[in-house]
Amino acid sequence: APQDGDEVEDLTLLLLEVLEAHPDVQAVSCGAILSNYQRLRVENVCGRLGLKVFAFMWMQEQAALLQQMIDAQIDARIAKVASMGLTRKHVGES
């Protein structure tokens, strides 16, 4: 069962479920852009499970990434707030 507040354990459990249902999975795509904290957490979990990590957006220029998302008409939503300047009222917003 998911562990309240332990996102590393939650990610590990989720990926174990994915691997059980889809044993041919070999890699995970990580959406980290500038956060070493986020990227390293995903890499550590995947390393323990023998999975590769692809971080296609890592260290990309943010304005260019945003424009690419706009051009692709991506409907991005805030799923969790964990930074200053945003509150729970922003969750679910586009």
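**Entry 1: the pocket lining**

I began with the largest pocket and asked which element gives most to its lining. α3 supplies the largest share, 5 residues. I keep in mind that this is a predicted model.

I then listed the elements that give two or more residues to this lining. They are α1 (7-21), α2 (36-49) and α3 (62-71).

Next I looked up the extent of the pocket. The largest pocket holds about 1200 Å³ of space. Its lining is made up of 30 residues. Nearest the centre I found G31, I33, Q38, A79 and K80.

I also sorted the lining by class. I noted 19 nonpolar residues, 6 polar ones and 5 charged ones.

**Entry 2: the cysteines**

How many disulfides does the structure hold? I found 0. C30 takes part in none, and the nearest cysteine sulfur to it belongs to C46, 8.1 Å away.

Why does C46 not bond with C30? The closest cysteine sulfur to that of C46 is the one in C30, and 8.1 Å is too far for a bond. A disulfide needs the two sulfur atoms within 2.5 Å, so the C46 sulfur, at 8.1 Å from that of C30, does not qualify.

**Entry 3: burial of the cysteines**

Are C30 and C46 buried or exposed? I checked each against the cut-off for buried, which is under 20% relative accessible area. C30 has 5% relative accessibility, so I entered C30 as buried. C46 has a relative accessible area of 0%, so C46 went down as buried too.

Terms used: Residues are numbered from 1 along each chain as its sequence is written. This is a predicted model: local features need pLDDT of at least 70, side-chain atom pairs count only at pLDDT 80 or more; totals for chains, interfaces and linings use all residues. Side-chain values use heavy atoms; hydrogens and water are left out. Buried means under 20% relative accessible area, exposed over 50%, partly exposed in between (1.4 Å probe, protein chains only). On a 1 Å grid over the protein atoms alone, a cavity is a set of points where a 1.4 Å probe fits but cannot get out, and a pocket is an open set with protein on both sides within 12 Å along at least five of seven lines; lining residues have an atom within 4 Å of a point. Grid points are joined across faces, edges and corners, and a volume is the space filled by probe spheres set on the points. Helices (H or I, at least four residues) and strands (E, at least two) are DSSP runs, numbered from the N terminus. Ala, Val, Leu, Ile, Met, Phe, Trp, Tyr, Cys and Pro count as nonpolar, Asp, Glu, Lys and Arg as charged, and the others, Gly among them, as polar.
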